[in-house]
There are 2 protein chains.
Amino acid sequence: MLSFAILELLHRKPLSGYDLRKRFSGSITFFWKAGHSQIYPELKRMEREHLVVSRRVTHPYRPAKKVYAITPEGEEALRQWLGEAPALQPIKDEMLLKCFAFHLLEPEQADQQLAHHAELHERRLNHFLETRRWLTERHGPLPTTRDPIVFWNAMTLERVIEFERSYVEWCRSALTLHREFLARMTNGQAGADAGVGEQA
Amino acid sequence: MLSFAILELLHRKPLSGYDLRKRFSGSITFFWKAGHSQIYPELKRMEREHLVVSRRVTHPYRPAKKVYAITPEGEEALRQWLGEAPALQPIKDEMLLKCFAFHLLEPEQADQQLAHHAELHERRLNHFLETRRWLTERHGPLPTTRDPIVFWNAMTLERVIEFERSYVEWCRSALTLHREFLARMTNGQAGADAGVGEQA
DNA sequence: TAGGAATAAGTCAGAAGTGACATAGGCCAT
DNA sequence: ATGGCCTATGTCACTTCTGACTTATTCCTA
C-alpha cells in the first residue's frame with residue numbers, strides 16, 4: 001500500500017526520500033502516514049523491482065540526495081492497482097474502544113475525555129479547513145476547476161473535512177446526552193423505570 | 001491495544017478464545033477487529049502476565065474449551081488504560097488514497113469505484129442501523145436508558161452510524177460533482193477559464 | 001456413510017508499522 | 001565556539017497484523 005502512495009507522489013514529481021518523508025507527515029497525512037524508517041527501505045525495495053529509479057544529486061552546500069523517479073513499469077503498477085476496487089476499511093479507533101468501556105470510569109473522567117477528544121479533532125479540522133482555503137486561493141473556487149488533479153485533491157480534502165466535522169459533532173452530542181443521562185440518574189434515583197414513565 | 005479490548009469483554013463476562021473471536025468479527029467489529037491467530041497467542045501472553053486466568057471446561061459432546069476470566073490485576077490495568085487520553089488516530093483509508101490519484105484513471109472508472117464504495121458503506125450502515133433497532137427493542141428508547149453499559153454501547157454505535165452515513169454521502173456528492181466537472185470539460189472545451197466566467 | 005458446518009484451539013511465515021539509535025555536514029544565533 | 005536546528009540517509013529490534021495451514025470432535029443432512 002505504501003508503495004502505491006509513493007508511486008503516486010513520484011508520478012507528480014521526482015522526489016528524494018527526505019521529500020517523501022515530509023509529505024507523509026504533512027499534507028498527505030489526511031489519508032496516509034509513514035515514518036522515514038519505512039520510506040527508505042521501501043524505496044530501496046521498489047528500486048530493486050524497477051518501479052522507480054534513483055539519481056544521485058549533489059548540492060554545493062548540502063548533503064547529497066537520491067532523487068527517485070517513477071519508471072514506466074512503476075506507472076503500469078500504479079494504474080493497475082488504481083483499477084482494483086478497494087475493500088471496506090475496518091474501523092479501528094482507540095477512542096471508540098474506550099468509549100465502549102466508559103461505564104467503568106468515573107462519569108467526570110468520561111466527560112473530560114470526550115471534551116479533550118473533541119478538541120483534538122477540532123484542531124485537525126481547522127488544519128484541513130486552512131488547507132482548503134489555501135487550495136481555493138491558488139486555484140479559484142473548487143467547484144469550477146478544470147484541472148483533474150485539483151479536482152480529486154479537493155474531493156479527498158472534502159472527505160477528511162467531513163470526517164472531522166462529524167467526529168467533533170459526535171463528541172459534543174455524546175457529552176450533552178451523557179449529562180442528560182446523569183441528570184436522569186440523580187433525579188429519579190428511586191424508581192428504576194421512572195424516567196421512561198416521565199417521557200411517555 | 002488488543003489486550004484492552006479483550007480485557008473489556010472479559011470484564012463483562014468470562015469467555016473462551018472462540019467466543020472472543022466471534023465477537024471480534026461480529027458486533028465488536030465497529031471499532032476493533034482481530035483474527036483468531038492474534039487472539040489465541042494474546043490470551044496466552046495475558047495469562048503469563050496474570051491479567052487473565054483460564055479454566056478448562058469440558059462439555060459432554062463438544063471439544064473442551066478454555067474459558068478466560070479477568071483478574072483483579074487485569075481490571076486494574078484496564079482502568080489505568082481507560083484513564084489515559086487516546087491520541088488522534090491517523091486516518092488511513094485506501095479509498096481516499098485512490099481518490100487522490102483518480103486523475104490517472106478513465107473518468108468512468110472513477111465513477112464506478114465511487115458508486116461501488118458507496119454501496120459497500122451503505123451495506124455496513126444498514127447493518128449498524130439494524131443493530132440499533134435490535135438494541136432499542138431490548139432496552140427501550142436509548143435516550144432514556146438508565147444502564148451505563150447500554151448508554152455507552154449506544155454512544156459508540158451512534159458514532160459508527162454517523163461515520164458510515166457521512167461516507168455514503170461523500171461518495172454520492174463526489175459522484176455528482178464529478179459529473180458536473182466532466183460536463184464543464186466537454187461544454188466549453190476551448191477556453192481554459194470559460195467555466196469560471198460563466199459561474200461569476 | 002460420507003461430507004459439511006459448527007465448535008474448539010492452535011502454529012508459523014511474512015508483511016507492515018513503530019521508536020530508538022546512528023551519522024554527517026551546514027546554518028544561525030548566543 | 002558551542003549548541004541546536006535543518007537537510008539527508010540509513011539501520012535495527014520489536015510489536016502488530018494477516019493469511020494460510022493444522023488438528024480434532026460432534027452434529028446434521030443427503
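Student: What makes helix α1 (residues 2-12) of chain B largely enclosed by the rest of the structure?

Tutor: Eight of its eleven residues are buried, so the helix is largely enclosed by the rest of the structure. Buried stands for under 20% relative accessible area, exposed for over 50%, and partly exposed for what lies in between (1.4 Å probe, protein chains only). The helix itself is a DSSP run (H or I, at least four residues; strands are E, at least two), numbered from the N terminus.

Student: Which are the buried residues of α1(B)?

Tutor: They are B:Leu2, B:Ser3, B:Ala5, B:Ile6, B:Leu7, B:Glu8, B:Leu9 and B:Leu10. A word on conventions before we go on. This is a predicted model, in which local features need pLDDT of at least 70 and side-chain atom pairs count only at pLDDT 80 or more, while totals for chains, interfaces and linings use all residues. Residues are numbered from 1 along each chain as its sequence is written, chains are lettered from A and ligands numbered from 1 in the order in which they are written, and side-chain values use heavy atoms, with hydrogens and water left out.

Student: Why is B:Leu177 counted as partly exposed?

Tutor: Its relative accessibility is 28%, so B:Leu177 falls in the partly exposed class. B:Leu177 belongs to helix α7 (residues 148-187) of chain B. Leaving aside residues up to four places away in sequence, B:Leu177 touches A:Phe151 and A:Met155, where touching, or contact, means heavy atoms within 4.5 Å.

Student: And what makes A:His127 partly exposed?

Tutor: A relative accessible area of 42% puts A:His127 in the partly exposed class. A:His127 sits in helix α6 of chain A. From A:His127 to A:Ala77 there are 50 residues in sequence and 33 Å in space, C-alpha to C-alpha.

Student: How many residues does the contact take from chain A and from chain B?

Tutor: Each chain gives 83 residues. The area buried between chain A and chain B is about 8400 Å², with carbon and sulfur atoms giving 68% of it. Buried area here is the accessible area (1.4 Å probe) that two parts lose on being put together, summed over both. In chain A, the residues losing the most area to chain B are A:Phe100, A:Arg146 and A:Trp152, together 11% of what that side buries.

Student: How many salt bridges does the rule find across the interface of chain A and chain B?

Tutor: Zero. To count, a side-chain nitrogen of Lys or Arg would have to be within 4 Å of a carboxyl oxygen of Asp or Glu. Polar contacts, on the other hand, link 40 residue pairs between the chains, both residues at pLDDT 80 or more. A polar contact is a pair of N or O atoms within 3.5 Å; within protein, one must be able to donate a hydrogen and the other to accept it, and residues adjacent in sequence count only if both atoms are side-chain atoms.

Student: Which element gives the largest share of the side of chain A that touches chain B?

Tutor: That is α7(A), with 21 residues. By class, this side of chain A has 46 nonpolar, 20 polar and 17 charged residues. Ala, Val, Leu, Ile, Met, Phe, Trp, Tyr, Cys and Pro count as nonpolar, Asp, Glu, Lys and Arg as charged, and the others, Gly among them, as polar.

Student: Now to the DNA. Which residues are closest to DNA strand C?

Tutor: Of the 17 residues around the strand, the closest are A:Ser37, A:Gln38, B:Tyr18, B:His36 and B:Lys66; a residue is near a strand if one of its heavy atoms lies within 4 Å of it. In B:His36, a polar side-chain atom is 2.6 Å from a base oxygen of strand C, which falls within the polar-contact limit. B:Lys66 uses a polar backbone atom, 2.5 Å from a phosphate oxygen of strand C. The element that gives the most to this surface is β3(B), with five residues.

Student: What does the surface near DNA strand D divide into?

Tutor: It has six nonpolar, six polar and eight charged residues. A total of 20 residues surround strand D, with A:Tyr18, A:His36, A:Lys66, B:Gln38 and B:Tyr61 the closest. Sugar and phosphate make up 64% of the strand D atoms that come within 4 Å of the protein. A polar side-chain atom of A:His36 is 2.6 Å from a base oxygen of strand D, while A:Lys44 has one 3.4 Å from a phosphate oxygen. Here β3(A) gives the most to the surface, with five residues.
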